[in-house]
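Welcome, and please open the model in your viewer. We will take it one selection at a time.

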Amino acid sequence: MLAPLPALAAPLTDLAAIDMAVAAFTGQQIGVPGGAAQPVDRRLRLAACSAPLALSWYGSAETSVLVRCPDAGGWRVFVPVSAARAVPTAAPAAMAVMRGEGVTVSVAGDGFTVSQPGEALEAGAVGAWIRVRTAAKADPLRARVVRPGLVELPVD
């Protein structure tokens, strides 16, 4: 009788560690509004990462968390977030940008930053999404207020 050969299994990422990383990133537990909608699918077989996992919001509505293995040829997983993110309730934020005010519109990505002047079409506090226009006849764009006088466009 032949004995089966031992499988040379490559080390795998602990999926519970991904769940914990997402909970730490969102500040909410699985199933809680603002946290992961459900645990990462336990059927996944993801190669172990030698570097720490990289987490970021995916999309402008922040409805998913992108979890990446930053190793060369690494994997990525999108983790859906439950309903609405929990936003801390505090006093109303002071407006950082007023309607009609001149602003700097910035776009940043890996290794580049581009900016140009624009006009705020709405008022907004830091972190708020407002409409801006970069030229008199240009279509309005949605940008996030970074600080007074500066808004940024998302790069996905």
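The tour below goes from the whole chain to one pair of cysteines.

Before you start, note that this is a predicted model, in which local features need pLDDT of at least 70, side-chain atom pairs count only at pLDDT 80 or more, and totals for chains, interfaces and linings use all residues. Residues are numbered from 1 along each chain as its sequence is written, and side-chain values use heavy atoms, with hydrogens and water left out.

**Stop 1: the cartoon.** Color by secondary structure and you will find one helix and ten strands; helices (H or I, at least four residues) and strands (E, at least two) are DSSP runs, numbered from the N terminus. Along the sequence the order is α-β-β-β-β-β-β-β-β-β-β.

**Stop 2: the surface.** Now switch on the surface: its accessible area is about 10,200 Å² (Shrake-Rupley method, 1.4 Å probe; for residues, only the protein chains shown count as cover). Carbon and sulfur atoms hold 58% of that surface. Of the 156 residues, 25% count as buried, meaning under 20% relative accessible area, where exposed is over 50% and partly exposed in between (1.4 Å probe, protein chains only).

**Stop 3: the disulfide.** Next, select Cys 49 and Cys 69, whose sulfur atoms sit 1.8 Å apart in a disulfide (a pair of cysteine sulfur atoms within 2.5 Å). Cys 49 lies in the loop between helix H1 (15–26) and strand S1 (54–58), and Cys 69 in the loop between strand S2 (64–68) and strand S3 (76–80), 20 residues apart. Which of the two is buried, and which is partly exposed? Cys 69 is buried at 6% relative accessible area, while Cys 49 is partly exposed at 24%.
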